[in-house]
Amino acid sequence: MRALQRLMIVSCAVGVAASAAPARAQAPSDKPVPTQQAATQQAFKRTPAPADAYVYIGWPNDNETVHTTHIKVWFGTRNFGVAPAGTTKPNTGHHHLLIDTPLPPMDQPIPNDKNHQHFGLGQTETFVDLPPGTHTLQILMGDVDHVPHDPPLMSKKITIHVRAAPASAVAEAH
Ligand SMILES: [Cu+2]
């Protein structure tokens, strides 16, 4: 009698566990997964750019050594207009300064962080603060949605060498 009771309790517990398990397993995989896939696989429509459009960094020069950690950077375009983010005018876009980072995916909005700076008001110059050392800078244009054009408009990737301010400048400050 006791053995039968134990058997019933065990089978009952197994039954509960068996019916609960599929419910737990199905819940997360039912809807969130397809949504996630759609988000990562969605390719944004890219805005065409003319073949002769050109983007460049005017300063610093490639391989320049700068004696300050507060560095002015200016950039520009040829055969292509600069417009604030949100503007859907043909053959325009806004600059993005990529600092110490490779190019991002070309069919997605350019990330917005300290390595990917947006100039969504149409600015063509800025100051960046970089620690002493070697750094890379590159400009990548983005369209109304911050997505690179097709073909993408990017400057040459330049390398700069940042040195701390000269000792004389520090001495003068004391
Ligand atoms: Cu942008």
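In this report, a helix is a DSSP run of at least four residues marked H or I, a strand is a run of at least two residues marked E, and both kinds are numbered from the N terminus. With that in hand, let us walk through the structure, which is a predicted model.

**The chain as a whole**

There are 174 residues in the chain, and buried ones make up 18% of them. The chain has three helices and nine strands. Following the sequence from its start, you meet the pattern α-α-β-β-β-β-β-β-β-β-β-α. Contacts also link distant parts of the sequence: of those with a separation of 6 or more, 70% are between residues 24 or more positions apart.

How confident is the predictor? The average pLDDT over the chain is 81, and 71% of the residues score at least 70. Residues 1-39 deserve some care, as their pLDDT stays under 50. The model also has zero contacts beyond four places in sequence for residues 1-39.

**A sheet of three strands**

Three of the strands form an open sheet in the order S1-S3-S7, with antiparallel pairing. Which strands sit at the edges of this sheet? They are S1 and S7, each of which pairs on one side only. From one strand to the next, the twist averages 30°.

The pairing can be followed residue by residue. S1 and S3 run antiparallel and are joined by five bridges. As a landmark here, look for Val55, which stands opposite Thr77 in S3. S3 is also joined to S7 (residues 125-129) by five bridges, again with the two strands running antiparallel. On this side, Trp74 stands opposite Glu125 in S7, and the bridge partner of His70 is Asp129, also in S7. A helpful rule when looking at such strands is that side chains in a regular strand alternate between the two faces of the sheet.

**The nonpolar core**

In soluble globular proteins, nonpolar side chains tend to be buried together. Here the largest nonpolar core has 15 residues. The members that touch the most others are Ile57, Val73, Leu97, Leu137, Ile139 and Leu140. At least two core residues come from each of S1, S3 (70-78), S5, S8 and S9. The largest share, four residues, is supplied by S8.

Leu137 is a good place to start exploring the core. Leaving aside residues up to four places away in sequence, Leu137 touches Ile57, Val73, Leu97, Ile99, Ile158 and Ile160.

**Unusual spots in the backbone**

Most residues other than glycine have a negative phi, and most peptide bonds are trans. This model has some exceptions to look at. The peptide bond from Trp59 to Pro60 is cis, with omega near 0°. Pro60 itself is placed in the loop between S1 (54-59) and S2 (65-66). The bond from Asp150 to Pro151 is likewise cis, with omega near 0°, and Pro151 belongs to the loop between S8 (133-142) and S9 (158-162).

Two residues have a positive phi without being glycine. One is Asn91, with a phi of about 60°, in the loop between S4 (81-82) and S5 (92-99). Another is His146, whose phi is near 70° and which is found in the loop between S8 and S9.

**Loop residues and their surroundings**

Leu121 is one more loop residue to find, between S6 (116-118) and S7. Its C-alpha atom is separated by 7.7 Å from that of His94, although the two residues are 27 residues apart along the chain. Are the loop residues Asn91, His146 and Leu121 buried or exposed? The table gives the neighbour counts.

| Residue | Other C-beta atoms within 10 Å | Class |
|---|---|---|
| Asn91 | 15 C-beta atoms | partly exposed |
| His146 | 22 C-beta atoms | buried |
| Leu121 | 10 C-beta atoms | exposed |

The cut-offs explain these classes: 20 or more neighbours make a residue buried, while 12 or fewer make a residue exposed. His146 counts as buried because it has 22 C-beta neighbours inside 10 Å. Leu121, with 10 such neighbours, therefore counts as exposed. Asn91 has 15, so it is partly exposed.

Conventions:
Residues numbered from 1 in each chain as written. Predicted model: local features only at pLDDT ≥ 70, side-chain atom pairs only at ≥ 80, totals over all residues. Core = buried A, V, L, I, M, F, W, Y, C linked by C-beta atoms within 7 Å. Contact = placed C-beta atoms within 7 Å. Pairing = 2+ DSSP bridges. pLDDT = per-residue confidence, 0-100. Axes fitted to C-alpha atoms, helices over the stretch in contact; angles between N-to-C directions.
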